[in-house]
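Good morning, and thank you for coming. Please look at the sequence and the structure as I bring them up, and follow along residue by residue.

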Amino acid sequence: MSNAPFDPSKFTAPKAKPLPVILMLDVSGSMSGNNIRNMNDAVRDMLNTFSDTENGETEIHVAIITFGTQVTLHQPLTSASAIQWQDLSAGGMTPLGTALQMAKAMIEDKDVVPSRAYRPMVVLVSDGGPNDEWKKPLSAFICDGRSAKCDRLAMAIGADADEAVLGKFIEGTSNPLFYAENAKQLHDFFKFVTMSVTMSVTMNTKSKTPNNVPEASTIDIQPATIEARQDEQKTVTQSSLAEDGGYW
């Protein structure tokens with residue numbers, strides 16, 4: 001029998017494994033009014049659900065980067081249950097390139113996103129087009145280093161959102177480009193993100209294979225997508241042409 005002295009520090013419970021969720025939110029001037037209010041409500045609801053979902057094995061860690069008048073780390077990466085939400089305000093331009101650089105620097109830093117963490121989910125929401133140099137930062141984000149391994153979601157708010165840029169952000173994933181033009185569609189998108197993350201928690205807790213990400217089609221809530229909007233517009237156009245007897 002060992003005569004070693006009792007050391008309580010040897011009997012610590014394992015730490016919960018973090019699942020990082022990084023929100024990149026456009027808060028430019030065009031987001032003022034109902035858009036920013038709806039965004040605040042949707043993100044607040046999402047954080048509350050995340051807090052209720054955490055268990056002893058997995059914690060959902062959330063960081064929020066906003067880009068508008070300036071690029072700001074509105075919420076450092078921390079457990080959702082520890083976040084005291086501060087509402088966003090809108091103003092300024094759309095410096096997406098700088099926001100991408102900040103997000104990439106965060107993900108590459110192993111002191112911030114440890115190697116033991118699950119694969120991060122990065123969510124980009126914008127209602128306009130970038131006004132800074134974004135091509136190189138975007139290419140670096142999706143092609144190089146740890147950020148290239150993240151799951152990525154994107155949402156276009158309104159008809160003025162740059163669909164080409166947002167579509168480029170999700171290249172290489174199986175995720176569609178989501179779309180919102182009203183409060184319900186915005187809330188549906190954040191509910192979809194919530195369900196995707198909470199399903200990931202369940203899957204990763206039960207599975208021996210880490211970094212599982214649920215397929216978008218398996219999630220009950222299906223937000224509006226750019227593709228569906230384009231199909232609807234095409235149908236409306238074809239119907240109008242049929243009623244008018246065509247062009248000729």
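I begin with a single pair of residues: Thr-66 has Thr-72, in β3, as its bridge partner. Before going further, I should state that what you see is a predicted model.

Thr-66 itself belongs to strand β2. Is Thr-66 buried or exposed? With a relative accessible area of 6%, Thr-66 is buried, because the cut-off for that word is under 20%. Leaving aside residues up to four places away in sequence, Thr-66 touches Leu-25, Val-27, Val-71, Thr-72, His-74 and Leu-88. Its bridge partner Thr-72 is therefore also among the residues it touches.

Let us now widen the view to the whole strand. Strand β2 covers residues 58-67, and 9 of its 10 residues are buried. Which strands pair with β2? On one side of the account we have β1, residues 17-26, which pairs with β2 in the parallel sense over 10 bridges. Within that pairing, Ile-22 stands opposite Ala-63 in β2. We also have β3, which runs antiparallel to β2 and is joined to it by 6 bridges. The connection from β2 to β3 is a hairpin through 3 residues. A general remark for those new to strands: in a regular strand, the side chains alternate between the two faces of the sheet.

With that region in mind, consider the chain as a whole. It has 6 helices and 6 strands, and along the sequence they follow the pattern β-α-β-β-α-β-α-β-α-β-α-α. Of the 248 residues in the protein chain, 44% are buried. Its accessible surface comes to about 12,900 Å², and carbon and sulfur atoms account for 50% of that surface. Consider next the contacts between residues at least 6 apart in sequence: 74% of them join residues at least 24 apart.

I turn to a helix. Which residues of α3, residues 135-143, are buried? They are Pro-137, Leu-138, Phe-141 and Ile-142. Seen down the axis of α3, these buried residues fall within an arc of 115°, so they line one face of the helix. The general principle is that an α-helix has 3.6 residues a turn, so residues three or four places apart point the same way. The face of α3 turned away from the buried side carries the exposed residues Lys-135, Lys-136 and Cys-143. What do the buried residues of α3 pack against? Their partners are helix α2 (96-108), strand β4 (121-126), strand β5 (151-157) and helix α4 (163-169). After α3 comes Gly-145, which has a positive phi, near 70°.

My next topic is charge pairs. How many salt bridges are counted? The count comes to 5. One of them is formed by Asp-87 and Arg-44, whose closest N and O atoms are 2.6 Å apart. This pair links distant parts of the chain: Asp-87 lies in the loop between β3 (71-79) and α2, Arg-44 lies in helix α1 (residues 34-53), and the two are 43 residues apart. Both are partly exposed, Asp-87 at 47% relative accessibility and Arg-44 at 28%.

Another salt bridge stays inside a helix. Glu-108 and Lys-104 meet at 2.9 Å, N to O, and both lie in helix α2, 4 residues apart, about one turn of the helix. Here the two partners fall into separate classes: Glu-108 is partly exposed at 29%, whereas Lys-104 counts as buried at 17%.

A further salt bridge joins Glu-171 to Lys-168, with the closest N and O atoms 3.4 Å apart. Glu-171, at 41% relative accessibility, is partly exposed, and Lys-168, at 34%, is partly exposed as well. Some salt bridges also share partners, and in this way Asp-41, Arg-44 and Asp-87 are joined into one network.

Finally, a word on confidence. The mean pLDDT of the protein chain is 85, and 80% of its residues reach 70 or more. Over residues 233-242, however, the pLDDT is below 50, and this stretch has 2 contacts in the model beyond near neighbours in sequence. Where pLDDT is low, the predicted coordinates should not be read in detail.

To close, I return to the starting point: Thr-66 is buried, and the strand that holds it, β2, has partners in both β1 and β3. Thank you for your attention.

Conventions:
Residues are numbered from 1 along each chain as its sequence is written. Side-chain values use heavy atoms; hydrogens and water are left out. Buried means under 20% relative accessible area, exposed over 50%, partly exposed in between (1.4 Å probe, protein chains only). Contact means heavy atoms within 4.5 Å. Accessible areas come from the Shrake-Rupley method with a 1.4 Å probe; for residues, only the protein chains shown count as cover. The arc is that of the directions from the helix axis to the C-beta atoms. pLDDT is the predictor's confidence in each residue, from 0 to 100. A salt bridge is a side-chain nitrogen of Lys or Arg within 4 Å of a carboxyl oxygen of Asp or Glu. Two strands pair if DSSP finds at least two bridges between them.
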